[in-house]
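Biologist: Please take one part of this model and look at it closely. I would like the helix at the start of the annotated domain, its partners, and then the unusual backbone spots around it.

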Amino acid sequence: MSDKKPVIRTDAPAPEGYEGEGFFATKLSSVIGMARKFSLWPLPFATSCCGIEFMATLNPTYDASRFGMERNSFSPRQADMLMVCGTISKKLGPVLKEVYTQMAEPKWVVAVGACASSGGIFDSYSVLQGIDKIIPVDVYVPGCPPRPEQIIEGVMQVQALAESESIRRRDMPEYQKLLDSYNISN
């Protein structure tokens, strides 16, 4: 048995603020942004090979839990990051849109792979040529299928959005216009 004590990493940088003996003061939006960044709950919507690559990001080799994604959510009401991995048929489009509308704000969408981003090699009448035709997308992860490292990079981009996003952005008229353009009521 080893006498070594476990190392606890606390290297997340503190938000900007004022500190002194026994106190730390900062903006509420900075604290909320930091909490959102490190507590993303992904909802995998995996339909094909990109889903297998997403599953690989959760294994110990890539360890997505380092990014606060410890818990995958399989209920849209408990998730804040929709990971669309794979081919979406036009028949499946309304289901995807319903899943998106059931998610609580704030929510982010990641289009994983060529099929979710642009229809991929399936340029046919039955395949949706990109999920951005039915729901807004925040991050596109290229590849067919993308490597787990690329998916992790996409998650890190969502983290940057979550950390820097204003608390009130979702209440702005511009955001409501975006949702209206997709026929989604807030």
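Modeller: What follows goes from the whole chain to that helix and then outward. The model is predicted.

Start with the frame. The chain has 186 residues, and 40% of them count as buried. Its C-alpha trace spans about 65 × 50 × 25 Å along the principal axes. There are 6 helices and 6 strands. From the N terminus, the order is β-β-α-β-α-β-α-β-α-β-α-α. Contacts reach far along the sequence: counting pairs at least 6 apart, 73% join residues at least 24 apart.

Now the annotation. An unreviewed UniProt entry places "domain: NADH:ubiquinone oxidoreductase-like 20kDa subunit" at residues 49-157. That span is 32% helix and 12% strand. Its end C-alpha atoms lie 22 Å apart.

The helix you asked for is α2, residues 49-57. Which of its residues are buried? They are C50, G51, E53, F54, A56 and T57. These buried residues pack against several elements. Three are strands: β3 (42-46), β4 (81-85) and β5 (108-112). Two are helices: α4 (113-118) and α5 (148-164).

Take the contact with α5 in detail. The two axes are 8 Å apart, and the helices pack at an angle of about 75 degrees. An angle of 65 to 115 degrees counts as roughly perpendicular, so α2 is roughly perpendicular to α5. From α2, the contact uses E53, F54, A56 and T57. From α5, it uses P148, I151 and I152. By class, this contact has 5 nonpolar, 1 polar and 1 charged residues.

T57 deserves its own look. It sits in helix α2. Is T57 buried or exposed? T57 has 1% relative accessibility, and the limit for buried is under 20%, so T57 counts as buried. Leaving aside residues up to four places away in sequence, T57 touches Y62, D63, A64, P148, I151 and I152. Of these, P148, I151 and I152 belong to the α5 side of the helix contact.

D63, one of the residues T57 touches, lies in the loop between α2 and β4. Its backbone stands out. Most residues other than glycine have a negative phi. D63 is not a glycine, yet its phi is positive, about 50 degrees. D63 is partly exposed, at 28% relative accessibility.

A second positive phi occurs at N183, near 60 degrees, again in a residue other than glycine. N183 lies in the segment after α6 (173-181). At 69% relative accessibility, N183 counts as exposed.

Back to the start of α2, and its cysteines. How many disulfides does the structure hold? The number is 0. C49 is in no disulfide, and the nearest cysteine sulfur, that of C50, is 4.9 Å away. A disulfide here needs the two sulfur atoms within 2.5 Å. C49 counts as partly exposed, with 43% relative accessibility. C50, in contrast, is among the buried residues of α2.

C144 tells a similar story. Why is C144 without a bond to C115? The sulfur of C144 is 5.6 Å from that of C115, its closest cysteine sulfur, and this is too far for a bond. C144 is exposed, at 55% relative accessibility.

C144 also takes part in an unusual peptide bond. Most peptide bonds are trans. The one from C144 to P145 is cis, with omega near -15 degrees. P145 is in the loop between β6 (139-141) and α5. Another cis peptide bond joins E105 and P106, with omega about -5 degrees. P106 is found in the loop between α3 and β5. The strand β5 is one of the elements that the buried residues of α2 pack against.

That loop leads back to α3, residues 93-102, which holds L96. L96 is buried, with a relative accessible area of 0%. Beyond four places in sequence, L96 touches F45, L82, V84, I88, I131, I134 and I135. L96 and R170 are 74 residues apart in sequence; their C-alpha atoms are 21 Å apart in space.

To sum up the helix: α2 packs its buried residues against β3, β4, β5, α4 and α5. Its contact with α5 is roughly perpendicular. T57 is buried, and T57 touches D63, where phi is positive.

How values were computed. Residues numbered from 1 in each chain as written. Predicted model: local features only at pLDDT ≥ 70, side-chain atom pairs only at ≥ 80, totals over all residues. Heavy atoms only, no water. UniProt positions renumbered as here; feature names shortened; annotations may be inferred. Helix = DSSP H or I, 4+ residues; strand = E, 2+ residues; numbered from the N terminus. Buried < 20%, exposed > 50% of the residue type's maximum accessible area, 1.4 Å probe, protein only. Contact = heavy atoms within 4.5 Å. Axes fitted to C-alpha atoms, helices over the stretch in contact; angles between N-to-C directions. Parallel < 35°, antiparallel > 145°, perpendicular 65-115°, else oblique. Nonpolar A, V, L, I, M, F, W, Y, C, P; charged D, E, K, R; others polar.
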